[in-house]
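Hi everyone, thanks for making time this morning. Please have the sequence and the structure open while I talk, and find each residue as I name it.

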Amino acid sequence: DFRSDPMAFQTGQFRGFETALHDPGIAVFTFNQPERLNGLTQVIKRDLIELLTQAQMDDGVRVVVFTGQGRAFSAGDDVTGRPLPPGPQLMPDIFPGHREAIGTYEGLRVHSQTVNSAIRNLDKLSIAAINGIAIQTGLSLALACDFRIASQEARLGSATLRFGLLPDEGGQYLLVQLMGVAKTMDFLMRKRIVPADEALELGLVHEVVEGPALMDRTMDLARELANGPQVSMRLLKRTIYNASEMTWAHALDDIAAKTAISDHHPDAREGVAAFRERREPRFNAWLE
């Protein structure tokens with residue numbers, strides 16, 4: 001079921017998830033193990049990293065969407081030890097780590113944290129369509145996306161302290177960025193799992209919709225983003241994240257350097273021409 005071009009983003013069934021590509025360039029990742037609450041394993045994470053790398057490099061992909069089947073987006077890491085159903089495997093198995101202290105350190109940096117870094121480092125915009133439970137690793141994966149739309153059935157939390165564990169995949173950083181220190185302290189220390197409307201109040205999601213409307217609303221947003229000027233949007237995404245960690249002077253220099261690219265791109269000329277001619281701009285001719 002792969003696309004015919006071996007250099008392009010691959011679609012089809014994989015172990016623990018499936019991918020599809022919709023016009024105009026919307027890559028949808030769907031976690032498809034509802035009986036396991038879409039729990040993630042190192043095998044799944046390795047293949048996710050590979051496909052996110054493909055999405056980053058393939059001009060046929062403009063926006064990336066994550067969602068889940070059943071009553072969970074992802075309930076976190078699958079610690080049951082049950083083998084995954086057979087299916088195409090993009091990356092070979094490697095030593096799992098976590099058997100001693102240094103193995104845990106290396107396993108986190110190579111697997112769990114790298115998935116979220118791969119999402120955050122995408123130049124293309126990403127959306128989490130949170131259909132249900134998003135806990136621990138599932139929560140941080142959603143928070144690593146640029147946009148989050150939740151169904152009314154969604155519940156979001158870390159709750160790692162219920163097991164005496166830490167939000168080791170970067171969840172604490174993402175929560176502080178979205179909510180600030182005080183609210184993150186309350187959220188994590190009190191092991192909170194909140195419904196969608198409260199997640200909206202806390203700033204964890206951008207929008208809440210009725211469950212049946214989740215994917216329609218998500219795809220509407222994805223098409224809106226995919227039809228925008230892709231070069232400028234990718235540069236803007238990077239400079240927004242950079243600005244959250246930079247000084248004023250560094251942020252000004254960063255956006256000046258990126259503007260030197262966007263100002264001379266055909267999309268900018270098209271945008272100005274469309275404004276003068278009082279019509280809708282037709283961006284992304286370079287992708288066609």
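Let's begin with a term we need: a residue is buried when its relative accessible area is under 20%, exposed when that area is over 50%, and partly exposed in between. Take Glu198 as a try-out: its relative accessibility is 25%, so Glu198 counts as partly exposed. Please also keep in mind that this is a predicted model.

Glu198 is a good place to stay for a moment. Which side chain does Glu198 meet in a salt bridge? The partner is Arg192, and the N to O distance is 2.1 Å. Arg192 is partly exposed too, with a relative accessible area of 21%. If salt bridges are new to you, the general idea is that side chains of opposite charge can pair when their charged atoms come close. This pair also has company: Asp186, Arg190, Arg192 and Glu198 are linked in a network of salt bridges.

How many salt bridges does the structure hold? The count is 13. Let me show you two others.

One joins the side chains of Arg223 and Asp220, at 2.8 Å from N to O. Both residues belong to helix α7, which covers residues 214-226, and they sit three residues apart, about one turn of the helix. Arg223 is partly exposed at 33% relative accessibility, and Asp220 is partly exposed as well, at 41%.

While you are on helix α7, look for Thr218, which is in that helix too. Is Thr218 buried or exposed? Thr218 is buried, with a relative accessible area of 0%. Leaving aside residues up to four places away in sequence, Thr218 touches Val65, Ile127, Ala129 and Ile149.

The other salt bridge I picked is between the side chains of Asp123 and Arg238, with 3.7 Å from N to O. Asp123 is in the loop between α2 and β6, and Arg238 is in helix α8, so this pair ties together parts that are 115 residues apart in sequence. Asp123 is partly exposed, at 27% relative accessible area. Arg238, at 17%, counts as buried.

That brings us to helices α2 and α8 themselves. In general, two packed helices are described by the angle between their axes and the distance between the axes. Here, α2 (residues 101-121) and α8 (residues 230-243) pack at an angle of about 120 degrees, and their axes are 11 Å apart. That makes α2 oblique to α8. To find where they meet, look for Ile119, Arg120 and Asn121 in α2, and for Lys237, Arg238 and Tyr241 in α8. You will recognise Arg238, the salt-bridge partner of Asp123.

Now let's move to the surface. Which residues make the nonpolar surface patch of about 560 Å²? They are Leu161, Leu166, Val176, Val181, Met185 and Met189. Helix α5, residues 181-189, gives the most to this patch, with three residues. Val176 comes from helix α4, which covers residues 171-179. With 35% relative accessibility, Val176 counts as partly exposed.

Last, some backbone details. As a rule, most residues other than glycine have a negative phi, and most peptide bonds are trans. With that in mind, try the loop between β3 and α1, where Leu37 is located. Leu37 has a phi near 55 degrees, a positive value in a residue other than glycine. Asn38 is found in that loop as well, and Asn38 also has a positive phi, about 55 degrees, although it is not a glycine. How do they sit with respect to the surface? Leu37 is partly exposed, at 22% relative accessibility, whereas Asn38 is buried, at 1%.

For the peptide bonds, go to the step from Asp23 to Pro24: the bond there is cis, with omega near -5 degrees. Pro24 is in the loop between β2 and β3. From Asp23 you can also look across to Gln10: these two are 13 residues apart along the chain, and their C-alpha atoms are separated by 15 Å. Gln10 is in the segment before β1, and at 16% relative accessibility Gln10 counts as buried.

That's my tour. Thanks for listening, and do bring me your questions!

Technical notes:
Residues numbered from 1 in each chain as written. Predicted model: local features only at pLDDT ≥ 70, side-chain atom pairs only at ≥ 80, totals over all residues. Heavy atoms only, no water. Patch = residues over 30% accessible without salt bridge, like charges linked within 9 Å, V, L, I, M, F, W, Y side chains within 5 Å. Areas by Shrake-Rupley, 256 points an atom, 1.4 Å probe, with all protein chains shown as cover. Salt bridge = Lys/Arg side-chain N within 4 Å of Asp/Glu carboxyl O. Helix = DSSP H or I, 4+ residues; strand = E, 2+ residues; numbered from the N terminus. Buried < 20%, exposed > 50% of the residue type's maximum accessible area, 1.4 Å probe, protein only. Axes fitted to C-alpha atoms, helices over the stretch in contact; angles between N-to-C directions. Parallel < 35°, antiparallel > 145°, perpendicular 65-115°, else oblique. Contact = heavy atoms within 4.5 Å.
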